[in-house]
Amino acid sequence: MRPARKHNERLDVDGEAVDIKLGTFLDNTRRRADKLTPNRRADLDQLGMRW
């Protein structure tokens with residue numbers, strides 16, 4: 001998954017639309033990958049995270 005940094009996903013949470021800044025989250029996570037715990041990194045790998 002390689003969305004642009006400004007990409008937002010709109011999700012339905014309890015009947016209310018919520019915008020999630022997915023691009024920002026993924027970009028920050030990739031930049032800070034060395035600070036993630038091994039467990040967190042394994043969880044993201046299992047979800048198919050592209051580093």
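Ile20 counts as partly exposed because its relative accessibility is 35%, where buried means under 20% relative accessible area, exposed over 50%, and partly exposed the range in between, with a 1.4 Å probe and protein chains only. This is a predicted model, in which local features need pLDDT of at least 70 and side-chain atom pairs count only at pLDDT 80 or more, while totals for chains, interfaces and linings use all residues. Residues are numbered from 1 along each chain as its sequence is written, and side-chain values use heavy atoms, with hydrogens and water left out.

Ile20 has its place in strand E2; strands here are DSSP runs of E with at least two residues, helices are DSSP runs of H or I with at least four, and both are numbered from the N terminus. Strand E2 (residues 16-20) runs antiparallel to strand E1 (residues 9-13), and five bridges join them, where two strands pair if DSSP finds at least two bridges between them. The two strands form a hairpin with two residues between them, and in that turn Asp14 has a positive phi of about 55 degrees. In a regular strand the side chains alternate between the two faces of the sheet.

Ile20 also belongs to a nonpolar patch on the surface, which it forms with Leu11 and Val13, and together these residues have about 220 Å² of accessible area. Such patches are made of residues with over 30% relative accessible area and no salt bridge, with nonpolar side chains (Val, Leu, Ile, Met, Phe, Trp, Tyr) joined within 5 Å and like charges within 9 Å. The accessible areas themselves come from the Shrake-Rupley method with a 1.4 Å probe, and for residues only the protein chains shown count as cover.

The hairpin also carries a charged pair: Arg10 stands opposite Asp19 in E2, and the side chains of Asp19 and Arg10 meet in a salt bridge at 2.8 Å, N to O. A salt bridge is here a side-chain nitrogen of Lys or Arg within 4 Å of a carboxyl oxygen of Asp or Glu. Asp19 is partly exposed, because its relative accessibility is 44%, whereas Arg10, at 59%, counts as exposed.

A search of the whole structure finds three salt bridges. One of them joins the side chains of Asp27 and Arg5 at 2.5 Å, N to O. Because Asp27 lies in helix H1 and Arg5 in the segment before E1, this pair ties together parts that are 22 residues apart in sequence. Asp27 counts as buried at 19% relative accessibility, while Arg5 is partly exposed, with a relative accessible area of 40%.

Asp27 meets a further partner, since its side chain and that of Arg31 form a salt bridge at 2.9 Å, N to O. Both Asp27 and Arg31 lie in helix H1, four residues apart, which is about one turn of the helix. Arg31 counts as exposed at 62% relative accessibility. Salt bridges that share partners join Arg5, Asp27 and Arg31 into one network. Looking along the chain from the same helix residue, the C-alpha atoms of Asp27 and Met49 are separated by 11 Å, with their positions 22 residues apart in sequence.

Beyond helix H1 (22-31), the loop that leads to helix H2 (38-46) contains Asp34, which counts as exposed because its relative accessibility is 67%. The C-alpha atoms of Asp34 and Met1, 33 residues apart along the chain, are separated by 19 Å. In helix H2 lies Asp45, which is partly exposed at 40% relative accessibility. From Asp45 to Lys35 the distance is 15 Å, C-alpha to C-alpha, and the two are ten residues apart in sequence.

Finally, the aromatic side chains may be considered. The charged end of Arg41 sits over the ring of Trp51, 4.2 Å from its centre, a relation that requires NZ of Lys or CZ of Arg within 6 Å of the ring centre and within 35 degrees of the ring normal. The structure holds zero aromatic pairs, for which the centres of two rings of Phe, Tyr or Trp (its six-membered ring) would have to lie within 6.5 Å, with planes under 30 degrees apart counted as stacked, over 60 as edge-to-face and the rest as tilted.
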